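Colleague: I have a model open and want to test the labels on it. Can you take me through the reasoning?

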Amino acid sequence: MKRVIVLILSFMHLLGFSQVNRDDVISQFRDYKKMIAQQNFEEALDKYTPENVFSFISKEKLIKSMKERLSNPQIKVDIYEPTDIHLRDQSIKVDETDYIIFSFTQYVGMTFKDKSIDLKSMIPVFETKIGKGNVTYDEKLDCIKLKSNRDMVASSKDGKNWKFIMVYQSPHLRKVLPKEVLNQLNLK
């Protein structure tokens, strides 16, 4: 029986599938998201972003964009820890790099500094942008909570240090991920 398992694992490796330490991926992803929430953008990008991302956007421009999104003086933004992190069963190995696709749920809270704004009346506006059922009003915190279900790809050359790439509709994604991984994504 042990020999059969070894043969199956060897066959899967030949097909480009390999095993990864799932706990490492999740732990490092949580660390990455925590850095983003704390606005430690440079550290997050240095530690958790693949270098080839910077071939089409500079790190400085990306940091500036992230700061602008979270630095509106009229709105306080809270990024909550990701939930419902589900890694796909199989990773994909391409040119000595492991890739694993996963999904997660992200909540973001928004509080407007102008207290005359009726947050409940804003819900339909946000729902037209991000979908019905993905916007709630939290009375206790007096904020709007936005929910998004996202896909992400983790990559590692050594199986220990993981880098993260958000899955989105962009021609740039084809510059960052190999076709074997792109074929596994549900892009329209």
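Colleague: Why is Phe41 called buried?

Modeller: This is a predicted model, so keep that in mind throughout. Phe41 has a relative accessible area of 2%. Buried means under 20%. Phe41 is therefore buried.

Colleague: Where is Phe41 found?

Modeller: In helix α3, which covers residues 41-48.

Colleague: Which residues does Phe41 touch, leaving out those up to four places away in sequence?

Modeller: Ile36, Ile63, Met66, Lys67 and Leu70. A contact needs heavy atoms within 4.5 Å. Take Ile63: 22 residues separate it from Phe41 along the chain, yet their C-alpha atoms are 6.1 Å apart.

Colleague: What makes the charged end of Lys59 count as sitting over the ring of Phe54?

Modeller: The distance to the ring centre is 5.7 Å. The limit is 6 Å, together with an angle within 35 degrees of the ring normal. The pair is listed as a charge over a ring, so both conditions hold.

Colleague: And how far is the charged end of Lys145 from the centre of the ring of Tyr80?

Modeller: 4.9 Å. That is within the 6 Å limit. Lys145 also sits over its ring.

Colleague: How many aromatic pairs does the structure hold?

Modeller: Eight. To pair, ring centres must lie within 6.5 Å.

Colleague: Which residues do ring pairs link into a cluster?

Modeller: Phe29, Tyr32, Tyr48, Phe102, Phe104 and Phe164.

Colleague: Now the pockets. How much space lies in the largest pocket?

Modeller: About 1200 Å³. Its lining has 35 residues, with Lys33, Met66, Arg69, Arg150 and Met166 closest to the centre. Several elements give two or more residues to that lining, among them α2 (22-37), α4 (59-70), β5 (97-112) and β7 (143-156).

Colleague: What makes up the lining of the largest pocket, by residue class?

Modeller: The split is 24 nonpolar, six polar and five charged. Of the residues closest to the centre, Met66 is one, and Met counts as nonpolar. Lys33 is another, and Lys counts as charged.

Colleague: How much space lies in the second largest pocket?

Modeller: About 250 Å³. It is lined by 16 residues. Pro50, Thr97, Tyr99, Ser155 and Lys157 lie nearest its centre. Strands β5, β7 and β8 each give two or more residues to this lining.

Colleague: How do the residues of that second lining divide?

Modeller: Into seven nonpolar, five polar and four charged.

Methods:
Residues numbered from 1 in each chain as written. Predicted model: local features only at pLDDT ≥ 70, side-chain atom pairs only at ≥ 80, totals over all residues. Heavy atoms only, no water. Helix = DSSP H or I, 4+ residues; strand = E, 2+ residues; numbered from the N terminus. Buried < 20%, exposed > 50% of the residue type's maximum accessible area, 1.4 Å probe, protein only. Phe/Tyr/Trp six-rings, centres within 6.5 Å; stacked < 30°, edge-to-face > 60°. 1 Å grid on protein atoms, 1.4 Å probe; cavity = no way out; pocket = protein on both sides within 12 Å on 5 of 7 lines; lining within 4 Å. Points joined across faces, edges and corners; volume = space filled by probe spheres on them.
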